[in-house]
Amino acid sequence: MAPPTAEIRALRVSLAVNTVLSIAALALGLLLGIRVLVFDGAFGVIAMATTWMALAASRKAVQDPTRRNPFGWPALVPLVVTVQGVAALATLVIAAGDAVIVVLDGGQEVAVGVVAGYGVAIAVTSAVMAWWLGRTRTDLVRAEMLDWRSSAIRAAVVAVGAGIAGVLALMSLDAALPFIDPALVLISCVLVAPLPISLVRSGVGELLEGAPAPSTTAVVENAVAEVTAERGLTAPVVRAAKLGHRLYLEVIYHVEAGSWTIDQQDEIRQDILARLGDLGLEVWPSIELTTDPSFD
């Protein structure tokens, strides 16, 4: 199974754009001593590292199993998604701590015009990237899309905060200006935090063999219900778990002794698989016909 071409292309474009923006933010922030730009650039560097990991995972996760790894590497996908979320959360914690220290030290003035221009440019670019990535519906690209959405939020906060700073300067409220930069960082951290938290939750959920997304679950339940009705079977026990690009499906039917054959069991499996072809997942089915009422 080859890695999805659209996924690889989306990740490569994201990495290239993020590299340019992160280097620019770090250089400008360090040159002018603007913490919010340094924070944004550092956030981008972390995102670059996790995107590189996502590219590697995209290729490795679909490679053929080996003797040492007989079930392959589908767990790499939720693992990388979890790492992306944890790395982003760690960056937020560090940035928030630094902002608090700046506030306690009396604040730090910023170049309002530079910050405002940077915020608008990055917000627009990030929003466009998030929209473009949203057209490729894979777990790794979704994580990348959330990173860009996070960037758009941070940049929008920066632009709005710079505008407020400009208004304060016109009103001669200079005492508040040194606190604009750290305040922007703290506000960004609060607004952005839910996005990496969602990545951690989804990644850990898959690693713990949690149920797939409701949309996937609905397709599975409909497929099983249709086959069950067509075959005149009683409602089965159904369990499903998603791990990366793979969907594990267990369906257990309780039947009367001597009424079903192995050939018919195979037909039931094929009927269910045919109805799940549009999911875009590698389905590993386990279809059981049993006469043991206690087996579930």
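The following exchange discusses the cavities and one surface patch of a predicted model.

Tutor: In this predicted model, local features need pLDDT of at least 70 and side-chain atom pairs count only at pLDDT 80 or more, while totals for chains, interfaces and linings use all residues. Residues are numbered from 1 along each chain as its sequence is written, and side-chain values use heavy atoms, with hydrogens and water left out.

Student: What makes the largest cavity a cavity, and which residues lie nearest its centre?

Tutor: On a 1 Å grid over the protein atoms alone, a cavity is a set of points where a 1.4 Å probe fits but cannot get out, and lining residues have an atom within 4 Å of a point. The search finds two cavities of 30 Å³ or more, and the largest has a volume of about 160 Å³, a volume being the space filled by probe spheres set on points joined across faces, edges and corners. Its lining holds 17 residues, with Asn 18, Gly 44, Trp 148, Ser 151 and Arg 154 nearest the centre.

Student: How is the lining of the largest cavity divided by class?

Tutor: There are seven nonpolar, six polar and four charged residues. Ala, Val, Leu, Ile, Met, Phe, Trp, Tyr, Cys and Pro count as nonpolar, Asp, Glu, Lys and Arg as charged, and the others as polar, so Gly 44, which lies in this lining, counts as polar.

Student: Why is Asp 147, in the lining of the second largest cavity, called charged?

Tutor: Asp 147 is one of the residues that line this cavity of about 40 Å³, and it is called charged because Asp belongs to that class; the lining divides into five nonpolar, two polar and one charged.

Methods: 1 Å grid on protein atoms, 1.4 Å probe; cavity = no way out; pocket = protein on both sides within 12 Å on 5 of 7 lines; lining within 4 Å.
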